[in-house]
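User: I would like a close look at one part of this protein, the largest pocket. Please describe its lining and then the parts of the structure that supply it.

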Amino acid sequence: MSFLENIRDFAGKAATALLRNRRASAHTGLPEVMPRHVAIVMDGNGRWAKSRNMPRSAGHSVGVETLRDIIRACDDWGIEALSIYAFSTENWQRPKAEVDTLMGLLLQYFMSEIDELDEKNVRILIIGDVEGLPAPQREAVKKAMDRTGGNTGLKLNIALNYGGRQELVNAAKKLMKMAVEGEIAPERLDEGMFSDYLYTRGLPDVDLFIRTSGEMRTSNFLPWQTAYAEMVFNPVMWPDYTRQVFLDDLWVYASRDRRFGKVKS
């Protein structure tokens, strides 16, 4: 085993032990300090299913149930925005059967959940290349955005056909075109203006980034928006990620010392 593999193995065991201790003294109330914007990479569906001798599609199906509960938790607990990584631009490279399953679950999700989400005043925003989705899924997500566009509750951002670097390139292209056409002066460009040309325009930056299943990377998800996010890499597979585990991660966030480059006075 290489040095890096040893470090990763140690980190995984430490994280598992930490989780076990947190579960033993599970929190029952919300922390005083809460994130405004939570981003989640819902990882581990396939491995969860494989460990149970089930097809990967079964893991994705159970993962949808987990997502439903976490969305409800965010709504119940007053979190302003939740961004979830549902399907990346790289996911098209997965086996066709798995891609077809994911696309089918996506369609089923919007058909079954839109009434409750709209009733709860949730606003749905799809971040990613919507036009690159298959026609049925494209129409379903557009209808969901149109129907909930005026809602003022939880902002639910679903990353579909999304790539973080591509988002930055697209924003740069738009701004370059405007500069060439004389609509903006290059020297006027600042972080605020650049943010206005991202999918997440008008949303607060991500405060808490969570990835399940123990993988310790961001996988091209919201690279600009997570610049100062607190990172939690949870060893729990996404189908097993309960509301209680989410609450524990919120307490981890609350325990962090967020200085944004400053020092304590």
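Analyst: What follows describes the pocket, then one helix of its lining, then the cores. The model is predicted.

The largest pocket has a volume of about 750 Å³. Its lining is made up of 34 residues, and Met42, Tyr85, Ala86, Phe87 and Asn91 are the closest to its centre. By type, the lining residues divide into 17 nonpolar, 9 polar and 8 charged. Several elements supply at least two lining residues each: helix H2 (45-50), helix H3 (56-76), strand S2 (81-88), helix H4 (96-119) and strand S4 (155-162). The largest share comes from H4, with 6 residues.

There is also a second largest pocket, with a volume of about 220 Å³. This second pocket is lined by 13 residues, and Asp205, Trp224, Gln225, Ala227 and Tyr228 lie nearest its centre. Its lining divides into 6 nonpolar, 2 polar and 5 charged residues.

Now to H3, one of the helices that line the largest pocket. How far apart should the ends of H3 be, and how far apart are they? At 1.5 Å a residue, the 21 residues of H3 should span 30 Å, and the end C-alpha atoms are 31 Å apart, so the two values agree. The expected span is 1.5 Å times one less than the number of residues, which is why 21 residues give 30 Å. The buried residues of H3 include Ala58, Gly59, His60, Val64, Leu67, Ile70 and Ile71. Arg68 is also among the buried residues of H3. The buried residues of this helix pack against strand S1 (37-41), H2, S2, H4, S4 and helix H8 (243-255). Just after H3, Gly78 takes a positive phi of about 75°.

The last topic is the nonpolar cores. The largest nonpolar core holds 47 residues, and the members that touch the most others are Leu82, Phe110, Ile124, Leu156 and Phe246. Here H4 again gives the largest share, 9 residues of this core. A second, separate core has 14 residues, including Tyr85, Leu125, Leu203 and Phe209. Tyr85 is thus a member of this second core and is also one of the residues closest to the centre of the largest pocket.

Leu156 can be followed one step further. Leaving out residues up to four places away in sequence, Leu156 touches Ile71, Leu82, Tyr109, Leu117, Val122, Arg123, Ile124 and Leu125. Of these partners, Ile71 is one of the buried residues of H3, and Leu125 is listed in the second core.

Technical notes
Residues numbered from 1 in each chain as written. Predicted model: local features only at pLDDT ≥ 70, side-chain atom pairs only at ≥ 80, totals over all residues. Heavy atoms only, no water. 1 Å grid on protein atoms, 1.4 Å probe; cavity = no way out; pocket = protein on both sides within 12 Å on 5 of 7 lines; lining within 4 Å. Points joined across faces, edges and corners; volume = space filled by probe spheres on them. Helix = DSSP H or I, 4+ residues; strand = E, 2+ residues; numbered from the N terminus. Nonpolar A, V, L, I, M, F, W, Y, C, P; charged D, E, K, R; others polar. Core = buried A, V, L, I, M, F, W, Y, C linked by side-chain atoms within 4.5 Å. Buried < 20%, exposed > 50% of the residue type's maximum accessible area, 1.4 Å probe, protein only. Contact = heavy atoms within 4.5 Å.
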